Amino acid sequence: PVLILLGPPGAGKGTQARMLEERFGFVQLSTGDLLRAAVAAGTDAGRRAKAVMEAGELVSDEIVIAILRDRMAQSDCAQGVILDGFPRTAVQAEALDTLLQETGQKIDAAISLEVEDAAMVTRISGRFTCGGCGEGYHDSFKQPQAMGTCDKCGGTEFKRRADDNAETVASRLEAYHAQTAPLIAYYKAQGALIGINAMGEIDDIARKMTAIVKTAT
Ligand code: AP5
Ligand code: ZN
């Protein structure tokens with residue numbers, strides 16, 4: 001199956017994608033994570049993406065589509081994928097349609113996480129992740145059970161993202177509304193769109209998402 005998670009920065013795409021990966025065995029495919037890995041590795045694409053990401057703008061379609069195509073071609077993706085943060089522009093959505101046509105796949109559902117912009121700054125500025133396994137946490141909404149120790153892997157090193165500051169969040173929200181929000185209509189027209197109110201508790205949203213994915217796949 002191919003599932004798309006749509007929603008502004010901080011909507012909970014990564015949080016829910018990791019949950020679905022654990023429950024269903026699909027592969028979470030986050031272009032943000034792939035780009036951050038490219039930046040850390042100092043690849044050509046990573047060098048070109050770094051400043052754009054720090055400014056909260058969108059990396060070029062060309063770079064992102066190339067990275068996604070490479071990742072989708074790896075064998076583990078045959079189990080099914082959850083696209084988290086891709087597509088983000090009309091050009092990327094069309095490139096995805098072409099790619100899926102080539103491989104004989106289709107989009108099972110494009111799930112749009114509906115949230116209020118005002119809450120996103122709080123969600124993003126309180127976010128931190130485990131350096132060992134990537135599990136996501138939040139200063140107010142999701143602390144590790146034992147302070148300073150990851151629930152999942154027992155790791156004790158945590159990190160915060162360079163673009164998780166109030167200024168950059170404003171640009172990221174702006175980019176979302178200008179370039180990504182129009183994809184909601186695109187997937188609605190394809191009959192693939194499922195909207196979900198994502199303002200509640202993480203676990204409640206996880207239950208709703210699980211039900212949607214069971215029906216759609
Ligand atoms: P990317 O990494 O995709 O970031 P993003 O879209 O800004 O999304 P986030 O990771 O910030 O949010 P999320 O929805 O995953 O929220 P999370 O679950 O962590 O992109 C980063 C940059 O890379 C972009 O700005 C761009 O430059 C570039 N890029 C990436 N893809 C691209 C593409 N396709 N094209 C072009 N450029 C691209 O949750 C946030 C926090 O809230 C966490 O702490 C979590 O614990 C907490 N939380 C989650 N759900 C809830 C809840 N229900 N209640 C309370 N707290 C919650
Ligand atoms: Zn961990």
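**A quick tour of a zinc-bearing chain**

Okay, let me start at one residue: Cys-133 is partly exposed, with 37% relative accessible area. Keep in mind that this is a predicted model.

So what is Cys-133 up to? Together with Cys-130, Cys-150 and Cys-153, Cys-133 is a protein donor of the zinc ion, ligand 2. Each of these cysteines uses its SG atom, and the distances to the zinc ion run from 2.2 to 2.4 Å. What is the geometry of the site? It's tetrahedral, with angles of 98 to 115 degrees among the 4 donor atoms. For reference, the ideal angle for four tetrahedral donors is 109.5 degrees.

If you read along the chain, the donors of this zinc ion follow the spacing C-x2-C-x16-C-x2-C. The two inner cysteines, Cys-133 and Cys-150, are 17 residues apart and link distant parts of the chain. Cys-133 sits in the loop between β5 (127-130) and β6 (136-138), while Cys-150 sits in the loop between β6 and β7 (158-159). And is Cys-150 buried or exposed? Cys-150 is buried, because its relative accessible area is 3%, under the 20% cut-off.

Let's zoom out to the whole protein chain. You'll find 9 helices and 8 strands in it. Along the principal axes, the C-alpha atoms fill a box of roughly 45 × 40 × 35 Å. The radius of gyration is 17 Å, and that agrees with the value near 17 Å that a compact globule of 217 residues would have. Of those 217 residues, 44% count as buried. The protein chain exposes about 10,700 Å², with carbon and sulfur atoms supplying 51% of that. On contacts: take the ones between residues at least 6 apart in sequence, and 69% of them join residues at least 24 apart.

Ile-4 makes a nice example of a buried residue. It lies in strand β1, residues 2-6, and its relative accessibility is 0%, so it counts as buried. What does Ile-4 touch, leaving out residues up to four places away in sequence? Its contacts include Leu-83, Phe-86, Pro-87, Ile-107 and Tyr-187.

Now for what the UniProt record says. An unreviewed entry lists a "binding site" with Gly-10, Ala-11, Gly-12, Lys-13, Gly-14, Thr-15, Arg-127 and Gly-200. Gly-14 is in helix α1, residues 13-24, and Thr-15 is in helix α1 too. Setting aside neighbours within four places, Gly-14 contacts Gln-28 and Asp-84. Thr-15 counts as partly exposed, at 29% relative accessibility.

The "binding site" annotation in the unreviewed UniProt entry also covers another set, among them Thr-31, Arg-36, Leu-58, Arg-88, Gln-92 and Arg-172. That set is spread over 142 residues of sequence, and in space it reaches up to 24.3 Å between C-alpha atoms.

Let me pick out two of these. Arg-88 is in the loop between β3 (81-84) and α5 (90-103), and at 31% relative accessibility it is partly exposed. Beyond its neighbours within four places, Arg-88 is in contact with Thr-31, Leu-58, Gln-179, Thr-180 and Leu-183. Gln-92 is in helix α5, and here we have a buried residue, with a relative accessible area of 3%. Past its own neighbours within four places, Gln-92 contacts Asp-61, Val-64, Ile-65, Phe-86 and Pro-87.

That's the tour, thanks for listening.

Key: Residues numbered from 1 in each chain as written. Chains lettered and ligands numbered in written order. Predicted model: local features only at pLDDT ≥ 70, side-chain atom pairs only at ≥ 80, totals over all residues. Heavy atoms only, no water. Donors = N, O, S within 2.8 Å, 3.2 Å for Na, K, Ca; no water. Tetrahedral: all angles 85-135°; square planar, octahedral: opposite > 155°, others 65-115°. Helix = DSSP H or I, 4+ residues; strand = E, 2+ residues; numbered from the N terminus. Buried < 20%, exposed > 50% of the residue type's maximum accessible area, 1.4 Å probe, protein only. UniProt positions renumbered as here; feature names shortened; annotations may be inferred. Contact = heavy atoms within 4.5 Å. Rg over C-alpha atoms; globule rule 2.2 N^0.38 Å. Areas by Shrake-Rupley, 256 points an atom, 1.4 Å probe, with all protein chains shown as cover.
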